[in-house]
Amino acid sequence: MSQGPHAWILGQLDMFLTREQRRLPPEELGRFRVLVGTKLILLLVSLMNVVAGPLLSSAKWPVVFGLVMSVGWVSLLMFMRGRTSPRLPALLACGLFTASFSVLTYIVTTPGLTSPHESAPSAIALVPVLAVYLVGIRTGLLFTVIFCVNVGVLHPLYMSGFGTHHPIFYELHSWMNGVIDIIVLVLTWALSALFSSARDAANAAVRDSERKLASLLESTDDIVCSLDAQDRIVTINSAARRRFRDAYGREPRPGDTLAERASPEIRENWRKTLALVRQGKPFRREIAYPLANNEILDMDMSLNPILDEHGQGVGVTLFGRDIRERKRAEARLDELHRGLVEASRRAGMAEMATGVLHNVGNALNSVNVSASLVSEQLRGSRLRMLSRAVDLMKEHVNDLPAFLSGDARGRQLPEYLASITQHLSQEHATMHEEMQRLIRNMEHIKAVVTLQQEHARSRGQVEPISVVELIDDALRLHATSFERLGIRIQREYDELPQVPLDRHKLLQILVNLLTNARHALLESGRDAKLLALRVRKGGDERLRIEVSDNGVGIAPEHMQRMFEHGFTTKKDGHGFGLHASALAAQEMDGRLSCDSAGRGQGATFTIELPLRPREMAG
């Protein structure tokens with residue numbers, strides 16, 4: 001960014017100041033700059049007298065006067081360097097200027113010939129202006145009075161030769177010019193004093209505002225500082241000073257740069273960043289800054305431009321917040337989240353295991369009933385009676401025809417065998433039926449266990465799955481329980497392609513919702529228990545799975561807390577199932593919501609999931 005004339009002039013004046021002087025407050029720095037400018041101008045005028053004096057006059061005094069004054073101004077320039085206060089150099093400069101101008105007025109005039117007005121004393125108006133600005137109103141008045149006595153009294157007396165050339169008041173115009181010069185000097189001092197007072201009042205107001213702002217900045221633990229166009233520190237609060245000490249081992253001073261001890265690469269990146277900010281491009285980023293004690297300062301840093309009245313960047317404000325505690329809290333939160341996810345996974349596995357055990361238990365009850373019936377059939381079997389008939393026939397094996405025709409027991413034997421055969425056939429049919437039922441129950445147990453094992457192996461994997469088949473698997477885990485409780489299942493499925501999902505997480509949610517629905521229907525006491533499952537494809541590329549029941553419903557005051565950890569309306573509930581399900585839905589970039597018209601009106605839980613994973617959708 002190119003500098004304007006004003007900035008260029010200030011830059012040239014600053015070349016004559018030391019680094020410590022350039023770091024002084026703006027008011028003191030301004031006085032030093034005016035001192036430098038005044039001395040340079042008067043030095044130039046003195047040198048012009050040395051060069052042009054012989055060309056304009058045969059007298060030697062211009063050269064001598066110019067050389068003396070040049071030495072004086074150069075000496076004052078050298079004396080000024082290293083001074084932290086401009087007051088003493090200003091007093092000496094005003095004194096030298098007053099003395100040189102006074103001497104000059106007597107050198108260039110001849111008693112009885114040249115008037116003060118003709119010696120161009122209008123330049124004396126500079127004296128009160130410079131004196132008031134450089135050394136204050138009262139001291140400026142002293143220099144003004146000295147000038148007034150010189151030009152209004154002493155010089156007219158000198159022009160009259162103190163009465164030797166002509167009477168003192170012979171030439172009234174000399175005294176009138178002196179009076180005019182006095183009036184000009186006094187008015188100039190008065191105006192300068194008014195301006196200085198107004199400026200001091202404005203500065204006081206600014207300093208008051210600065211104190212209030214400083215108090216505000218000091219009340220925060222955030223890092224706050226401002227930089228000028230050369231990236232040097234202008235203002236800095238205590239929090240930033242502490243961080244500066246941590247980084248550099250010393251107190252910061254105005255004029256320091258924040259990256260002065262960093263590596264060349266970091267300094268260059270810092271310079272480019274500040275240049276972009278001054279062009280009106282705010283910057284915000286989390287950075288890790290190394291400290292002197294080998295620690296790392298994690299900081300949220302924000303840079304904003306300071307613009308002048310023309311919209312040009314003249315500086316930068318820096319706001320930084322120590323986020324180490326936040327980082328540690330985030331780490332703890334991540335650890336807690338991982339713990340909740342693991343607990344959610346275990347809760348899901350527990351829900352599935354509960355469903356498996358419930359269904360296996362129901363099937364084992366049926367197996368036990370079938371086994372008991374078969375055992376009773378075997379204990380009451382007619383095989384023993386058949387064995388007696390066989391023994392009777394063996395006794396009469398040699399005369400079996402006669403026994404069957406002539407003996408009363410033999411004549412009853414065929415009918416007896418037919419009756420036994422009929423009973424055995426019935427026993428066989430009954431036991432075959434019970435054995436088939438037992439086999440079916442054992443197959444159901446095997447299928448439930450195999451289903452649970454298959455889904456457990458797929459935990460954490462995103463793969464294309466059939467959502468409808470997964471819902472049916474979840475229903476199969478509850479099939480025996482739903483059948484025994486008389487719960488009617490209603491299915492409404494849209495045709496869907498396979499969707500990339502985490503099978504285990506979705507099954508965990510479904511099992512939990514079906515378990516809750518079973519409890520709600522059982523608690524309602526309804527005769528007609530209905531569980532509806534709907535699968536919809538939304539126009540927003542979202543999959544919606546609804547699990548609705550006509551059970552006990554949800555009270556309005558409980559709706560907002562359904563997914564809170566630890567909240568439950570069951571007497572023996574732990575309040576984790578729905579919370580874990582909501583977390584699982586979020587991990588799949590989805591959400592779980594509920595809706596109910598109130599107590600006794602049933603409830604609907606909706607799972608919303610993306611039809612495509614985030615990376616595919618992007």
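In this predicted model, helix α10 covers the 15 residues 264-278, and at 1.5 Å a residue these should span 21 Å, which agrees with the 21 Å that separates the C-alpha atoms at its two ends. The briefing goes on from this helix to an open sheet of five strands with mixed pairing, then to a set of salt bridges, and finally to the pairing of strand β5 with β1 and with β4.

**Helix α10 and its surroundings**

- The residues of α10 that count as buried are W270, T273, L274, V277 and R278. Seen down the helix axis, these buried residues fall within an arc of 135°, so they line one face of α10.
- On the face of α10 that is turned away from the buried side, the exposed residues P264 and E265 are found.
- Just after the helix comes G280, which takes a positive phi of about 100°.

**The five-stranded open sheet**

- Which order do the strands of this sheet follow? The order is β7-β9-β10-β12-β11, and the pairing between the strands is mixed.
- The edges are held by β7 (487-493) and β11 (591-595), each of which has a single partner strand, so one side of each is left without a neighbour in the sheet.
- On average, and with direction ignored, neighbouring strands of this sheet are turned by 15° against each other.
- The edge strand β11 pairs with β12 (residues 603-610) in the antiparallel sense, over five bridges, and within this pairing D595 has T604 of β12 as its bridge partner.
- Helix α18 (residues 577-587) packs on the sheet, where it touches both β11 and β12, and its direction makes about 135° with that of β11.

**Salt bridges between distant parts of the chain**

- The number of salt bridges in the model comes to 28.
- E218 and R241 form one of these, with their closest N and O atoms 3.6 Å apart. The pair links distant parts of the chain, since E218 lies in helix α8 (residues 172-218) and R241 in helix α9 (residues 238-248), 23 residues apart. E218 is partly exposed at a relative accessible area of 33%, and R241 is likewise partly exposed, at 26%.
- R321 and D222 form another salt bridge, in which the closest N and O atoms are 2.7 Å apart. This pair too links distant parts of the chain, with R321 in strand β5 (residues 313-322) and D222 in the loop between α8 and β1 (223-228), 99 residues apart.
- Are the two partners R321 and D222 buried or exposed? R321 counts as partly exposed, with 48% relative accessibility, whereas D222, at 19%, counts as buried because the limit for a buried residue is under 20%.
- K327 and E286 meet through their side chains in a salt bridge with an N to O distance of 3.1 Å. Here the linked parts are helix α11 (residues 324-379), which holds K327, and strand β3 (residues 283-290), which holds E286, and the two residues are 41 residues apart. Both are partly exposed, K327 with a relative accessibility of 32% and E286 with one of 40%.
- Salt bridges that share partners also join E492, D494, R534, R536 and E546 into one network.

**Strand β5 and its partners**

- Strand β5 pairs with β1 in the antiparallel sense, over six bridges, and in this pairing V224 has F319 of β5 as its bridge partner.
- Strand β4 (residues 296-307) also runs antiparallel to β5, and nine bridges join the two. Within β5, R321 stands opposite D300, and R321 is also the residue that forms the salt bridge with D222.
- The hairpin of β4 and β5 has five residues between its strands, and there G311 takes a positive phi near 80°.
- Strands of a sheet pair through backbone hydrogen bonds, in either the parallel or the antiparallel sense.

**S215 in helix α8**

- Helix α8 also contains S215, which counts as partly exposed at 48% relative accessibility.
- How many residues apart in sequence are S215 and N237? They are 22 residues apart in sequence, and in space their C-alpha atoms are 9.2 Å apart.

Technical notes
Residues are numbered from 1 along each chain as its sequence is written. This is a predicted model: local features need pLDDT of at least 70, side-chain atom pairs count only at pLDDT 80 or more; totals for chains, interfaces and linings use all residues. Side-chain values use heavy atoms; hydrogens and water are left out. Helices (H or I, at least four residues) and strands (E, at least two) are DSSP runs, numbered from the N terminus. The expected span of a helix is 1.5 Å times one less than its number of residues. Buried means under 20% relative accessible area, exposed over 50%, partly exposed in between (1.4 Å probe, protein chains only). The arc is that of the directions from the helix axis to the C-beta atoms. Two strands pair if DSSP finds at least two bridges between them. Axes are lines fitted to C-alpha atoms, for helices over the stretch in contact, and angles run from 0 to 180 degrees between N-to-C directions. Contact means heavy atoms within 4.5 Å. A salt bridge is a side-chain nitrogen of Lys or Arg within 4 Å of a carboxyl oxygen of Asp or Glu.
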